[in-house]
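Me: Could you take a close look at the aromatic rings in this protein and talk me through how they sit together? I'm a first-year student, so please explain the terms as you go.

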Amino acid sequence: MTNLAFPDTPVFRGYAAPVRIEGDVHDLEVIGTIPAGMNGDYIRNSADHQYPPMFEDDLFLNGDGMLHRVRIANGRASLKTRYVETEKLKLERAAGRALFGRYRNQFTDDPSVAGVDRGTANTSVVWHGGKLLALKEAARPMAIDRETLATIGSYDFDGALKSQTFTAHPKVDPATGEMVAYGYFVDGVADTAVEIYFIAADGTLTRTERFHAPYASMIHDCLLSEQYIAFTICPMVCDWDRVQAGEAFFHWDDTRPTTVAVVPRAPGGGGNVRWFDSPTPVMQTHTFNAWEEGSLLHLEHFITQTGWLSQFPDINNPGTREQPPFAYRWTIDLESNTGGFIAEKMFPHIGEMPMIDLRHATTKTRHFWFGTSNTDLGPMLPFGPKGPPFTCIGHFDADSGALDYYYAGPDSSPEEPVFVPRSPDASEGDGWLVTIVGRRAENRTDLVILDALNLSAGPVATIRFPTRVHEGFHGIWIPG
Ligand SMILES: [Fe+2]
C-alpha cells in the first residue's frame with residue numbers, strides 16, 4: 001500500500017496544507033449587514049492537491065483546481081466548494097494516488113497516463129456567453145455548471161479552439177461583450193507561437209490570430225484596450241531540453257530582453273505586430289488595464305525587477321531573491337519609431353492581484369485596487385509558499401493620488417479583491433470590494449465586503465466560514 005502522506009514542506013503544511021473537502025454550508029454567519037441589492041455569486045479558483053505529490057518539492061501551482069462559491073441572496077450567504085473533475089483528478093482518484101508528476105512536465109508522469117490531458121484547471125474562472133469556465137493556462141478550459149459547480153468537461157468552443165492551451169486571464173470588452181483570449185505553447189510543448197481568440201458575446205469563437213514571440217516563455221496575463229491587445233514577453237523562459245531532463249518548467253534568464261507585442265484587434269492583427277523593448281529585463285505579474293489617448297497606448301500593470309524566483313530558478317544568478325511588484329504605467333507612442341516606452345510608477349507602494357471596475361476596462365479608469373502589505377498598519381506575516389501573504393487591500397485614486405487601505409487584522413491575509421458595482425449604472429468605483437480573508441491563527445476563512453471607495457472604514461459585512469478553504473488565485477462576481 002502506498003504511503004499516503006503529504007510532505008512536510010511549506011507548500012503542504014500549516015495554513016497552506018491541502019483542504020480537500022468538497023462541501024456545502026447553508027446560511028453562513030454574517031457579522032454586519034450584507035448590502036441590500038447585492039445578489040449574486042462570488043466564485044474563485046484555488047490549487048488544492050487531492051493527493052500527495054509524486055515529488056516532495058512540488059509547487060503549490062501544481063494543485064488540483066478547487067472552486068469556492070459564495071452565493072449571496074437577500075442578505076443571506078451560502079458556501080459551496082467543489083473540485084474541478086479534470087481527467088487528471090479522475091484518473092488519480094481511480095488509482096488512489098498521484099500519477100502526474102512535476103508542474104507542466106509530462107516527462108515526470110507515471111507511464112500509465114502518457115498522452116492524457118494534464119490540465120489542473122486551478123487558476124481562475126470566467127463567466128462569458130452563459131458559460132462558466134475554470135481556467136489554467138496549460139490546458140483548455142473546463143466547463144462548469146454554475147448551479148452545482150459540477151464539471152461538464154473540457155471545452156473547445158464547439159470545435160473552434162484548435163490549441164491545447166487557453167489563458168487563465170482572458171479579457172472581456174464591456175462595450176461589446178467580446179472576450180479576447182489567447183494561448184501560448186499551443187501544441188503543448190515550448191514554442192514561440194501565440195494565438196489570440198476572439199469570442200463574441202454569445203460565446204462563439206469567431207476568429208483566431210497568430211504571431212510569434214521572440215523566444216518561448218510564460219505569458220501569464222495580457223492587456224486589452226479598445227483597438228489593441230498587448231503582451232509583455234518576459235524572460236520566464238521554457239527550454240524544452242531542460243524540461244525533458246526533469247528540470248523546472250520555467251527559469252529566469254536575464255540575458256533575454258523584455259519586450260511588448262502590440263497587436264491590433266482588427267482582423268489581420270497577427271500579421272501587424274509591433275514590438276517595444278524594455279531597457280532592462282523585468283517581469284509582468286498581473287495587469288490592471290490598457291487604454292488609448294490619441295497615438296498613445298497606456299499599459300497599467302504590476303512589474304517586478306526579477307523573475308518569479310520563489311517558484312522558478314534564476315539560472316544566471318542563483319540565490320537572487322524575488323523583488324516585490326510595483327504598479328507601472330508604460331506609455332507607448334504608436335506614432336513614434338523609438339521602439340521603446342516611458343515607464344512611470346503609478347503609486348509608491350508594493351502590490352499585486354490588481355482589480356479595476358471592469359465595466360470601464362479598455363478605457364481610462366480612476367480607481368485601482370490591489371492586495372498589499374503596509375507595515376504602518378500591521379506587521380508582515382511569515383512567508384508562505386507564495387512569498388509573504390498580503391495583510392491589506394489598497395485603493396489608489398488616480399485623480400487625487402490618494403491611497404487608502406483596509407488592514408485585515410492580526411494573523412489575517414486578504415486575497416485578490418473583486419469589485420461589485422452598487423447597481424448596473426453606478427458611477428466608476430461606486431460599489432463594494434469582495435475579498436477572501438484568511439484567519440491564519442484560527443485556521444479559518446472569511447469573505448469580507450468593503451465599501452470600495454472607503455476601505456479604511458473596515459468591513460460592511462464579514463461572512464464567516466466555519467472552516468478554512470485553501471488560499472486561491474483569481475475570482476469573479478456574477479450578478480444575481
Ligand atoms: Fe494570474
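Reply: Here is a walk through the ring pairs, followed by a few other spots.

A quick word on the ground rules first. This is a predicted model, where local features need pLDDT of at least 70 and side-chain atom pairs count only at pLDDT 80 or more, while totals for chains, interfaces and linings use all residues. Residues are numbered from 1 along each chain as its sequence is written, and side-chain values use heavy atoms, with hydrogens and water left out.

Now, what makes a pair? Rings of Phe, Tyr and Trp (its six-membered ring) pair if their centres lie within 6.5 Å; planes under 30 degrees apart count as stacked, over 60 as edge-to-face and the rest as tilted. By that rule there are 26 aromatic pairs here. Take F368 and F396: their ring centres are 6.1 Å apart and their planes meet at 40°, so this pair is tilted. F368 belongs to strand β25 (residues 367–372) and F396 to strand β26 (residues 392–397), so the pair ties together parts that are 28 residues apart in sequence. Strands (E, at least two residues) and helices (H or I, at least four) are DSSP runs, numbered from the N terminus. Both F368 and F396 are buried; buried means under 20% relative accessible area, exposed means over 50%, and partly exposed is in between (1.4 Å probe, protein chains only).

Next comes W369 with F419, a stacked pair with 5.1 Å centre to centre and 15° between the planes. This one also links distant parts of the chain, with W369 in strand β25 and F419 in strand β29 (residues 418–421), 50 residues apart. W369 has 0% relative accessibility, so it counts as buried. F419 is at 7%, so it counts as buried too.

Rings can also gather in a group: Y103, F107, Y184, F185, W240, F249, F250, W308 and F312 form one aromatic cluster.

Some rings have a charge over them, meaning that NZ of Lys or CZ of Arg is within 6 Å of the ring centre and within 35 degrees of the ring normal. R102 sits over the face of F55, 4.2 Å from the ring centre, and R207 does so over F198, at 3.9 Å.

One more aromatic residue is F12, in the segment before β1 (23–25). With a relative accessible area of 5%, F12 is buried. Contact means heavy atoms within 4.5 Å, and if you skip neighbours within four places in sequence, F12 is in contact with F6, P7, A17, P18, H49, P53, E56 and D58. By contrast, the C-alpha atoms of F12 and D253, 241 residues apart along the chain, are separated by 28 Å.

Finally, have a look at S413, which is in strand β28 (residues 412–414). S413 is buried as well, at 3% relative accessible area. Its side chain makes a polar contact of 2.7 Å with the side chain of R440. A polar contact is a pair of N or O atoms within 3.5 Å; within protein, one must be able to donate a hydrogen and the other to accept it, and residues adjacent in sequence count only if both atoms are side-chain atoms. Leaving out residues up to four places away in sequence, S413 touches L381, P389, F390, I436, V437, G438 and R440.
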